[in-house]
Amino acid sequence: MLELRGTGRAYGALKAVDDVDLTVHAGARHALIGPNGAGKSTLLHLAAGNLRPTAGRVLLAGRDVTRHGPARRARLGVGRTFQTPALIGSADCLTNVALAAWPAQTFRARWLRRDHAPHLARLDALGLADDAATPAAALSHGRRRLLELAVALAASPRLLLLDEPAAGLTDDDVGLLLTALGTIGAEVAVLLVEHHQELVRAFAGTVTVLHQGAVVTTGTPAEVAADPRVREIYQGALGAA
Ligand SMILES: Nc1ncnc2c1ncn2[C@@H]1O[C@H](COP(=O)(O)OP(=O)(O)OP(=O)(O)O)[C@@H](O)[C@H]1O
């Protein structure tokens with residue numbers, strides 16, 4: 001679904017992302033971990049088109065999108081969330097989801113836009129049905145995270161890029177987030193940047209470790225947790241026993 005080939009992003013002498021090869025397969029549950037400053041957010045920006053690489057290529061479903069901006073990549077099926085939720089605070093949850101769904105809808109669905117049933121179903125699937133009429137700004141931080149996920153999914157992405165969705169969440173909220181992530185269909189590949197080790201272990205089938213902009217290793221959570229290089233550079237990142 002997503003391929004980075006020799007992809008890099010430099011800021012002067014600093015290589016924030018350095019010659020990265022990364023493949024996220026269709027339907028994958030792929031996590032990207034690494035210490036602070038490893039280059040994880042930069043890599044997500046490169047995948048989403050918010051940043052242009054200074055080296056290498058980005059492919060989406062085999063198509064070279066290196067020079068495509070974020071809007072064009074979104075039309076090709078890339079959805080994302082940000083470290084700080086990007087929502088319309090004054091609009092209620094239903095409106096946030098309905099607006100996000102608009103570009104992916106058929107003409108008929110737009111004409112029938114008063115039919116909010118699909119959007120309510122989406123909110124319900126993520127545990128937000130009771131908040132349909134609540135302004136996004138009035139939600140707790142944890143529920144804003146869930147709404148951001150609902151908004152990203154409303155655009156029917158084929159690749160979903162999630163930037164630290166568990167940041168600042170309570171343990172209970174992380175449980176709700178994990179349940180919500182479990183509702184994402186197999187037609188959507190997910191690349192998750194996350195520091196929360198239990199969430200990574202519970203969610204990801206594949207984990208890539210980034211350090212100083214470069215890929216250290218890719219494997220299952222157990223393989224990565226057992227890798228001595230990972231233990232060295234990323235102490236306890238996966239709660240290695
Ligand atoms: N716009 C920028 N200009 C200069 N340096 C930058 C810029 N953006 C990021 N960097 C640097 O690139 C490196 C990678 O940053 P990035 O935010 O991608 O790391 P990260 O792994 O997401 O970190 P964290 O886990 O703390 O969010 C860091 O050294 C950072 O200071």
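**The ligand shell, α1 and a helix pair in a predicted model**

Modeller: Of the elements around the ligand, α1 gives the most to the shell, with three residues; please keep in mind that this is a predicted model.

Colleague: Which residues surround the ligand, and which elements give two or more residues to the shell?

Modeller: The ligand is surrounded by Tyr-11, Leu-14, Ala-16, Gly-34, Asn-36, Gly-37, Ala-38, Gly-39, Lys-40, Ser-41 and Thr-42. Two or more residues of this shell are given by each of β2 (14-24) and α1 (40-48).

Colleague: How many residues of each class does the shell around the ligand have?

Modeller: By class there are four nonpolar, six polar and one charged residues in that shell, with Gly counted among the polar ones.

Colleague: What makes you say that α1 is largely enclosed by the rest of the structure?

Modeller: A residue is called buried if 20 or more other C-beta atoms lie within 10 Å of its own, and eight of the nine residues of α1 are buried, so this helix is largely enclosed by the rest of the structure. The buried residues are Lys-40, Thr-42, Leu-43, Leu-44, His-45, Leu-46, Ala-47 and Ala-48. Just after α1 comes Gly-49, with a positive phi near 95°.

Colleague: Why does Asp-173 count as partly exposed?

Modeller: Burial begins at 20 neighbours and exposure at 12 or fewer; Asp-173 has 18 C-beta neighbours inside 10 Å, and therefore counts as partly exposed. Asp-173 belongs to helix α7 (residues 171-182), and its C-alpha lies 9.1 Å from that of His-141, although the two are 32 residues apart in sequence.

Colleague: What is the phi of Ala-61, and why does Ala-61 count as partly exposed?

Modeller: Ala-61 is not a glycine, yet its phi is positive, at about 50°. Most residues other than glycine have a negative phi. Ala-61 sits in the loop between β4 (55-60) and β5 (63-64), and because it has 14 C-beta neighbours inside 10 Å, it counts as partly exposed.

Colleague: Where does Ser-156 lie, and what is its phi?

Modeller: Ser-156 is found in the loop between α6 (141-154) and β7 (159-163), and its phi is near 55°, a positive value in a residue other than glycine. With 15 C-beta neighbours inside 10 Å, Ser-156 also counts as partly exposed.

Colleague: How do helix α3 and helix α5 pack, and which residues of α3 and α5 meet?

Modeller: Helix α3 (residues 93-101) and helix α5 (residues 117-125) pack with their axes 9 Å apart, at an angle of about 115°, and α3 passes α5 in a right-handed crossing. From α3, Cys-93, Leu-94, Val-97, Ala-98 and Ala-101 meet His-119, Leu-120, Arg-122 and Leu-123 of α5. By class, this contact of α3 with α5 has seven nonpolar, one polar and one charged residues.

Colleague: How do you know whether the radius of gyration of the chain agrees or disagrees with that of a compact globule?

Modeller: For 241 residues the radius of gyration of a compact globule would be near 18 Å, and the chain has 18 Å, so the two agree. Along the principal axes, the C-alpha atoms fill a box of roughly 55 × 40 × 30 Å.

Colleague: What share of the 241 residues is buried, and how many helices and strands are there?

Modeller: Buried residues make up 42% of the chain, whose secondary structure comes to ten helices and ten strands. Among contacts with a separation of 6 or more, 67% are between residues 24 or more positions apart.

Methods:
Residues numbered from 1 in each chain as written. Predicted model: local features only at pLDDT ≥ 70, side-chain atom pairs only at ≥ 80, totals over all residues. Near = placed C-beta within 6 Å. Helix = DSSP H or I, 4+ residues; strand = E, 2+ residues; numbered from the N terminus. Axes fitted to C-alpha atoms, helices over the stretch in contact; angles between N-to-C directions. Left-handed = near helix turned anticlockwise from the far one by under 90°. Contact = placed C-beta atoms within 7 Å. Rg over C-alpha atoms; globule rule 2.2 N^0.38 Å.
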